[in-house]
Amino acid sequence: AELINQIAAGEVIERPSSVVKELVENSLDAGATRIEVDIELGGQRLIRIRDDGGGIEPDDLPLAVASHATSKIRSFDDLEHVASMGFRGEALASVSSVARFALTSRARGQDTAFRIEVDGGKLQAARPAQHPQGTSVEVRDLFYNVPARRKFLRAERTEFAHIDDLLKSLALARGAVEFRLSHNGKPVRILKAAKDEQAALLRVAEVLGEEFPAQSLRIDHAAAGLHLSGWVGLPTASRSQADSQYFYVNGRLVRDRIVAHAVRQAYADVLFHGRHPAFVLYLELDPAGVDVNVHPAKHEVRFREQRLVHDFLFRTLHEVLAQTRA
Ligand code: ADP
Ligand code: MG
């Protein structure tokens, strides 16, 4: 139990939103086009994710939550080492060791679904169940067996806000996927799949606020193997929008020094001082040109050619923002 405490205290399952992140990423990996997230009590009572992805073959179900995790982890005496590996392949095993866990799945091409449950770390035998193609995961009573962790949970609305923020950032990254989020049985967010640019902007407006499209400029520019697209907001004098800044590198949300500097310079140089504008920007480049594994939990990246990326971002943003001066 102590080991579990320590692991749960690690960076991967810090709070309900960490669970949602792992589960939704699994759904996206499974090719889901629709992901439903139902939350109760800020995620402490229930986190349920349903997807229409490829599902899991019956024989693979026990592997998905492989408590080999436990055996693997036992062989590492250094827990920091485990954390630094980001628990790859260990998310479900970790989650199921700190909650009452159930997974129901029907694989593509199968006519029966199966359900497995893990309670107190013990895997129950798979049973036939009703489920359309895809996977549902239920995580109840998070940290029920890790009091030390449970104590650190914040108020229900704070934990839910973390989940909502996470879902917003994932939804902006994956415009072709429909996301639904509910809290205590009430729908909070319905983000329909966006099939064209106009629909994509509407979806951005759902996340950043209805006024965003009217106060933003479209960007779409490629050069030197780099492609930047998205929307930059024009700062309003009244308020900072630092919480509405989304920058994706190859589909992954990042918070990067080089990026932040280039964006800040471009704004400061053309128009504004001291304000934090809203923006949603997507940078695409050859994956070989960027290392995204600098720190899996901190959204950091390292560009191979920092100068090139910085100058490309600065010039592209500068040019678009300068239009507002004309
Ligand atoms: P990882 O995602 O790093 O492989 P996880 O513990 O998150 O590790 O998941 C273990 C495995 O369970 C995945 O590799 C995948 O095969 C399967 N899996 C988990 N969630 C889903 C899902 N929603 N749909 C299909 N397969 C899933
Ligand atoms: Mg995973």
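**Close-up 1. The hairpin of β3 and β4 in the predicted model.** In this predicted model, strands β3 and β4 form a hairpin with six residues between them, and Gly-109, which lies in the turn, has a positive phi of about 85°. The two strands, β3 with residues 100–106 and β4 with residues 113–119, run antiparallel and are joined by five bridges. Within this pairing, Ala-102 of the hairpin stands opposite Glu-117 in β4.

**Close-up 2. The further partners of β4.** Strand β4 also pairs in the antiparallel sense with strand β5 (residues 122–123), over two bridges, and the bridge partner of Val-118 in β5 is Leu-123. The hairpin of β4 and β5 has two residues between the strands, and Gly-120 takes a positive phi near 55° there. Three bridges join β4 to strand β6 (residues 127–129) as well, and these two strands run antiparallel; in β6, it is Arg-127 that serves as the bridge partner of Arg-115.

**Close-up 3. Charged ends over aromatic rings.** Two places are shown in which an arginine is set against an aromatic ring. The charged end of Arg-100 sits over the ring of Tyr-144, at 3.9 Å from the centre of that ring. Arg-218, for its part, lies over the face of Trp-231, where the distance to the ring centre is 4.9 Å.

**Close-up 4. The packing of helices α8 and α9.** Two packed helices are described by the angle between their axes and the distance between the axes. Helix α8, which spans residues 156–173, packs with helix α9, which spans residues 197–208, at an angle of about 165°, and their axes are 10 Å apart. Because an angle over 145 degrees counts as roughly antiparallel, α8 and α9 are described as roughly antiparallel to each other. The crossing of α8 and α9 is left-handed.

**Close-up 5. The open sheet of five strands.** Five strands form an open sheet with mixed pairing, and their order is β10-β11-β14-β12-β13. Strands β10 (216–223) and β13 (252–253) stand at the edges with a single partner strand each, so that one side of each is left without a neighbour in the sheet. Strands β12 and β14 pair in the parallel sense over five bridges, and in β14 the bridge partner of Val-249 is Leu-283.

**Close-up 6. The tyrosine cluster.** A pair of aromatic rings is described by the distance of the centres and the angle of the planes. A search of the whole structure finds two aromatic pairs. In one of them, Tyr-246 and Tyr-248 are stacked, with 6.5 Å from centre to centre and 5° between the planes. Tyr-248 also pairs with Tyr-282, and because the planes of these rings are at 15°, with the centres 5.2 Å apart, this pair is likewise stacked. Tyr-248 lies in strand β12 (residues 245–249) and Tyr-282 in strand β14 (residues 279–285), so the pair ties together parts that are 34 residues apart in sequence. Ring pairs thus link Tyr-246, Tyr-248 and Tyr-282 into a cluster.

**Close-up 7. Burial of the tyrosines.** Tyr-246 and Tyr-248 are both buried. For Tyr-248 the relative accessible area is 1%, and this residue is buried; for Tyr-282 the relative accessible area is 16%, and Tyr-282 is buried too, because the cut-off for a buried residue is under 20%.

Terms used. Residues numbered from 1 in each chain as written. Chains lettered and ligands numbered in written order. Predicted model: local features only at pLDDT ≥ 70, side-chain atom pairs only at ≥ 80, totals over all residues. Heavy atoms only, no water. Phe/Tyr/Trp six-rings, centres within 6.5 Å; stacked < 30°, edge-to-face > 60°. Buried < 20%, exposed > 50% of the residue type's maximum accessible area, 1.4 Å probe, protein only. Helix = DSSP H or I, 4+ residues; strand = E, 2+ residues; numbered from the N terminus. Lys NZ or Arg CZ within 6 Å of the ring centre and 35° of its normal. Pairing = 2+ DSSP bridges. Axes fitted to C-alpha atoms, helices over the stretch in contact; angles between N-to-C directions. Parallel < 35°, antiparallel > 145°, perpendicular 65-115°, else oblique. Left-handed = near helix turned anticlockwise from the far one by under 90°.
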